[in-house]
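Here's a quick briefing to read alongside the model. Skim the lead sentences, then dip into whichever topic you need.

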Amino acid sequence: MTSKDEITQERAERIARSHACEHCGEYSFKKLRVRPASATNRKAVGEVWHISKTCGVCGMQHEIGIDAEGDIVYAA
Ligand SMILES: [Zn+2]
């Protein structure tokens, strides 16, 4: 299921950066990786991009899923 309106990797990264650390509320991330979502996650929750990031302040790790509209479908 692909659409020309799907967001770019660059935009997914910007969205991920605008999502504050859930532990300390900071927007500083020392590690941020954007990957295409797995086929399973695409089907299950409509995730298009998967982001792994590490807070630069408290070190908490986040896993974030972004769908084709640029909405965060889950954050953990
Ligand atoms: Zn933090």
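**Briefing: fold, sheet and one loop residue**

Among contacts in the protein between residues at least 6 apart in sequence, 48% link residues at least 24 apart. Keep in mind that this is a predicted model. Going from the N terminus, the elements run α-β-α-β-β-β, which comes to 2 helices and 4 strands. The radius of gyration is 12 Å, close to the 11 Å that the globule rule gives for 76 residues, so the protein is as compact as a globular protein of that length.

**Overall dimensions and burial**

- Taken along the principal axes, the C-alpha atoms fill a box of roughly 40 × 20 × 15 Å.
- Of the 76 residues, 20% count as buried.
- Strand E2, residues 47-55, is mostly covered, with 7 of its 9 residues buried.

**The sheet as a whole**

- The 4 strands make an open sheet in the order E1-E2-E3-E4, and the pairing is antiparallel.
- E1 and E4 (72-75) are the edge strands, each pairing on one side only.
- On average, neighbouring strands of this sheet are turned by 20° against each other, direction ignored.
- As a general reminder, side chains in a regular strand alternate between the two faces of the sheet.
- Helix H1 lies across E1, E2, E3 and E4, and H1 runs at about 140° to E1.

**Pairing, strand by strand**

- E1 (residues 29-36) and E2 run antiparallel and are joined by 7 bridges.
- If you want to check the register between E1 and E2, Leu32 has Lys53 as its bridge partner in E2, and Pro36 stands opposite Trp49 in E2.
- E2 is also joined to E3 (residues 61-67) by 7 bridges, and these two strands run antiparallel as well.
- For the register here, look at Thr54, which stands opposite Gln61 in E3.
- E3 and E4 pair over 3 bridges, again in the antiparallel sense.
- In that pair, Ile66 sits opposite Ile72 in E4.

**Hairpins and their glycines**

- The hairpin of E2 and E3 has 5 residues between the strands; Gly59 takes a positive phi there, near 85°.
- The hairpin of E3 and E4 has 4 residues between the strands; in this one Gly70 takes a positive phi, near 90°.

**A closer look at Glu26**

- Where is Glu26 found? Glu26 belongs to the loop between helix H1 (9-17) and E1.
- Is Glu26 buried or exposed? Glu26 has 13 other C-beta atoms within 10 Å, so it counts as partly exposed; being buried would take 20 or more, and being exposed 12 or fewer.
- Which residues does Glu26 touch, not counting those up to four places away in sequence? Glu26 touches Ala20, Cys21, Cys55 and Val57.
- Cys58 is 32 residues from Glu26 in sequence, yet the two are 8.8 Å apart in space, C-alpha to C-alpha.

Note on methods:
Residues numbered from 1 in each chain as written. Predicted model: local features only at pLDDT ≥ 70, side-chain atom pairs only at ≥ 80, totals over all residues. Rg over C-alpha atoms; globule rule 2.2 N^0.38 Å. Contact = placed C-beta atoms within 7 Å. Pairing = 2+ DSSP bridges. Axes fitted to C-alpha atoms, helices over the stretch in contact; angles between N-to-C directions.
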